[in-house]
Amino acid sequence: MSALILTPNIAGADDFYADLLAAHEGLSKAESDALNARLVLLLANHIGDRAVLTEALTAAALKDA
Amino acid sequence: MKKIFELPLYAYERSPDQDTAHAIRHPVVVIGAGPIGLAAAIDLAQQDVPVVVLDENDRVSFGSRAICFAKRPLEILDRLGCGQPMVDKGVEWETGKVFFDERQVYEFNLLPEEGHERPAFINLQQYYLEQYLVERVRDLEAEGKPVEIRGGSKLLRVEAKDDHVALLVDTPEGEYDLQAEWLIACDGAGSPTRAMLGLDFVGRVFEDNFLIADVVMEADFPTERWFWFDPPFNRGQSALLHKQPDGVWRIDLQLGWDIDRDAEKKPENVIPRLKAMLGEDVPFELEWVSIYTFQCRRMEKFRHGRVIFAGDSAHQVSPFGARGANSGLQDTDNLIWKLKLVIEGKAPDRLLDSYDAERVHGADENILNSSRSTDFITPKSEISRILRDAVLDLSERHAFARPLVNSGRLSVPCTYSGSPLNSADALTGGPARTCPGSPCPDVPLGDSFLLRQLGDRFTLLTIDCDAPEELVEDGITVTRLALSTSDDPTGALAERYLGDAGSAVYLIRPDQHVAARRGDYHEDLMRTAIRRATGKESVE
């Protein structure tokens, strides 16, 4: 029973992906790493649910839940 | 004028024990007259258990050392008769500021809960605590209580026997043998007792050095805790500024691992660092400088037969969170009533195993918290630094990131969840904070406070509920404290002890922890709870 949504959930997926790339445009590696870290923290807080976050950590590590 | 840490407070004096043909046996010997050893001795002596404290030195510790004392240890010190001078002399603080790089990212207020006699925290040099504890020992001696501090007495050998512990003690006038029925080792992180017994002390070493400086200055910094991550005056490292009494400020500067410790300690190197931090034109005087490294570790077991370890000798944490002295005081608070009952034959020996279970649990909690603080303050990898800096950058703009900032999770009292001494919670609707195992939260009662009336003995706290004034179960006397919600117009008593329940009965241990609770008085169940709280009944 997965609470983490792993099916397509973003309307306009291509647009979002373009936004993500654009956010990193012109940044150094260090600046990009920092941006990614801030993004992870913002999104994690938005989710809030620890069980979902745990599932996301597992999925991000390319492991089976 | 000499400072307190320059005066011998318990100079060596010849003891009659040195002139006997056979070693004299004492019920309890404490090794180490630091804060934890003295607290143990006072706790025993004020309950008439004879105790001898041995210390190789003769005065309080040099330098401020432990400076931050939390509410629960202050409450314990109240029970030991030393809380008031601590609070009178100490500096109370509530506001903390967090700086990152060149800017303040946010500030917080500890917002202490109302209705407690003691503040959330005070700052006070450890040598004052030790001085008050020595003074308390002297007062007890004057009252005829069986307590003695032997200065200039160094432990040379310790041997565990079946019915006692054999000690060899060195003094300026030579060695002598001594015996203890029980030995409490409060001889610090480098515990010679532990080493002589060949016991383990394993854990995690943190590869970092910290410069700690006590600075006397007339500065108009407010009474706040200031913590810097990566400040311009200490690039890539952290810094802490904290106020103590007498115009003394504690400054803590992280130095990193590969440094020349002796060189860094020299005033010509320390002073420029401090000037960069405080400003070129702030006059100050250095009172004490030290460089420390730290480990987070504990002994596998704190009790080894008749030898019991308490304080830093049993567990060591990083200084972030003020969990060293604060947890050591909770150790002896937990231990002494149990030892007294065992010595008096009112409880079985295995009651002392619960000291091990409960305080190992407490030590693990402290090690976990202080390791996490250390990992945040001194990131161990590139990515942990990136994430740490991301938290700090976000904390300046968004409240959500502030709870993630970890410059030390300040010591909170330990709840002994799952302790073998607890009875199952039988108070329907009762507040979680006072479930069995919890330390009793204070409550205002008119001109006084609840915790003033608890401790040193088992108490049956009844709130709007009938019960006998006294109950004796197999040598354990439980005395009733009858309260009503009307005793506390602020409502704290009801909020902290009743919750949604209409009435309650609490069995409270001599260390002010809850052993059992239910909605009404039931004699058989209370007797069972008393037996369980004194190690006479195992949990099924």
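**Exercise 1. Determine how many of the 12 residues of helix α1(A) are buried, and describe the extent and the end of this helix.**

Solution. The model is a predicted one, and the count begins with the burial criterion, under which a residue is buried if 20 or more other C-beta atoms lie within 10 Å of its own. Applied to α1(A), this criterion gives a count of zero among the 12 residues, and the helix is accordingly described as hardly covered. The next step is the extent: α1 of chain A runs over residues 13–24, and from its first C-alpha to its last it reaches 17 Å, which is close to the 16 Å expected at 1.5 Å a residue. The last step looks just after α1(A), where Gly26(A) takes a positive phi of about 80°.

**Exercise 2. Find how many residues of chain A and of chain B are in contact, and sort the chain A side by class.**

Solution. Counting the contacts between the chains gives six residues of chain A, which meet nine residues of chain B. Sorting the side of chain A that touches chain B then yields three nonpolar residues, one polar residue and two charged residues.

**Exercise 3. Judge the compactness of chain B from its radius of gyration, and add its secondary structure, burial and contacts.**

Solution. Start with the elements of chain B, which has 12 helices and 26 strands. Its radius of gyration is 24 Å, and the globule rule for 540 residues gives 24 Å, so chain B is as compact as a globular protein of that length. Taken along the principal axes, the box filled by the C-alpha atoms of chain B comes to roughly 70 × 65 × 45 Å. Burial is then assessed over the 540 residues of chain B, of which 48% are buried. Finally, of the contacts in chain B with a separation of 6 or more, 71% join residues 24 or more positions apart.

**Exercise 4. Locate the two assigned domains of chain B and characterise the side of domain 1 that touches domain 2.**

Solution. The domain assignment places 26–90 + 122–201 + 296–367 of chain B in domain 1 and 432–533 in domain 2. The C-alpha centres of these two domains of chain B lie 28 Å apart, and their contact takes nine residues from domain 1 and 10 residues from domain 2. On the domain 1 side, α2 (71–79) and α8 (325–343) of chain B each supply at least two residues, and the largest share, four residues, comes from α2(B). Sorted by class, this side of domain 1 of chain B holds six charged, two polar and one nonpolar residue.

Notes: Residues are numbered from 1 along each chain as its sequence is written. Chains are lettered from A and ligands numbered from 1 in the order in which they are written. This is a predicted model: local features need pLDDT of at least 70, side-chain atom pairs count only at pLDDT 80 or more; totals for chains, interfaces and linings use all residues. Domain bounds come from an automatic or database domain assignment. Two residues are in contact if their C-beta atoms, placed from the backbone, lie within 7 Å. Ala, Val, Leu, Ile, Met, Phe, Trp, Tyr, Cys and Pro count as nonpolar, Asp, Glu, Lys and Arg as charged, and the others, Gly among them, as polar. The expected span of a helix is 1.5 Å times one less than its number of residues. The radius of gyration is taken over C-alpha atoms; the globule rule is 2.2 Å times the number of residues to the power 0.38.
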